[in-house]
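This briefing goes through side-chain pairings and nonpolar packing in one protein chain. Please keep the sequence and the model open while reading.

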Amino acid sequence: TKEIFDDPKHPYTQGLLATALALEEKSGERLQEIPGELPHPGNLPPGCVFAPRCPHVFKRCEAERPPLFHLPGREVRCLLYEDDDVAGR
C-alpha cells in the first residue's frame, strides 16, 4: 500500500491519488479532474479501458488491452511499463 501511494504506476491511479491528496490539503482550490467519461461496463473500449481518459495514451493503447506487467514488488496493466517488465516479455 505504501508503494502505491508513494509511487503510483498506472496513470489512473496517479489521477485518483492526485485528487485524494488535494482533498487532504483543504486549500479551497478546485480538485484536479480526470478528463472524459467512465466507459459503460457493457461497452468497454477495445484497448485499455482507461485509454479515453489517459494523458499518456498512444495508438497501441486504443487497440490492445495491456497484459499484466511485473515490476519489482508490484504489477501494473499499462503499456508504458512494457520495457520494465521483469518477467522478460
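The points below cover the aromatic pair, the nonpolar core and the salt bridges. The model is a predicted one. It holds one aromatic pair and five salt bridges, and its largest nonpolar core has 12 residues.

**Aromatic pair**

- The count of aromatic pairs comes to one, and the pair is formed by Tyr12 and Phe50 in an edge-to-face arrangement.
- The ring centres of Tyr12 and Phe50 are 4.8 Å apart, with 65° between the planes; an angle over 60 degrees is what counts as edge-to-face.
- Tyr12 belongs to helix α2 (residues 11-25), whereas Phe50 sits in the loop between α2 and α3 (59-63), so the pair ties together parts that are 38 residues apart in sequence.
- Tyr12 has a relative accessibility of 26% and therefore counts as partly exposed.
- Phe50, at 7% relative accessibility, counts as buried, because the cut-off for buried is under 20%.

**Nonpolar core**

- Phe50, the buried partner in the aromatic pair, is also one of the 12 residues of the largest nonpolar core.
- Cysteines in this core are Cys48, Cys54, Cys61 and Cys78.
- Other members of the core are Ile34, Ala51, Phe69, Leu71, Val76, Leu79 and Tyr81.
- In soluble globular proteins, nonpolar side chains tend to be buried together.
- Leaving aside neighbours within four places in sequence, Cys48 is in contact with Cys61, Glu64, Arg65 and Pro66.

**Salt bridges around Arg60**

- Side chains of opposite charge can pair when their charged atoms come close.
- Arg60 forms a salt bridge with Glu64, at 3.0 Å from N to O.
- Arg60 also meets Glu82 in a salt bridge, at 2.8 Å from N to O.
- The pair of Glu82 and Arg60 links distant parts of the chain: Glu82 is in the segment after β2 (74-76) and Arg60 is in helix α3, 22 residues apart.
- Arg60 is partly exposed at 32% relative accessibility, Glu64 is partly exposed at 32%, and Glu82 is partly exposed at 31%.
- Glu64, the partner of Arg60 in one of these bridges, is in contact with Cys48 as well.

**Salt bridges around Asp7**

- Asp7 and Lys9 form a salt bridge in which the closest N and O atoms are 2.8 Å apart.
- Asp7 and Lys9 are linked with Arg74 in a network of salt bridges.
- Asp7 has a relative accessibility of 38%, so this residue counts as partly exposed.

Methods
Residues numbered from 1 in each chain as written. Predicted model: local features only at pLDDT ≥ 70, side-chain atom pairs only at ≥ 80, totals over all residues. Heavy atoms only, no water. Phe/Tyr/Trp six-rings, centres within 6.5 Å; stacked < 30°, edge-to-face > 60°. Helix = DSSP H or I, 4+ residues; strand = E, 2+ residues; numbered from the N terminus. Buried < 20%, exposed > 50% of the residue type's maximum accessible area, 1.4 Å probe, protein only. Core = buried A, V, L, I, M, F, W, Y, C linked by side-chain atoms within 4.5 Å. Contact = heavy atoms within 4.5 Å. Salt bridge = Lys/Arg side-chain N within 4 Å of Asp/Glu carboxyl O.
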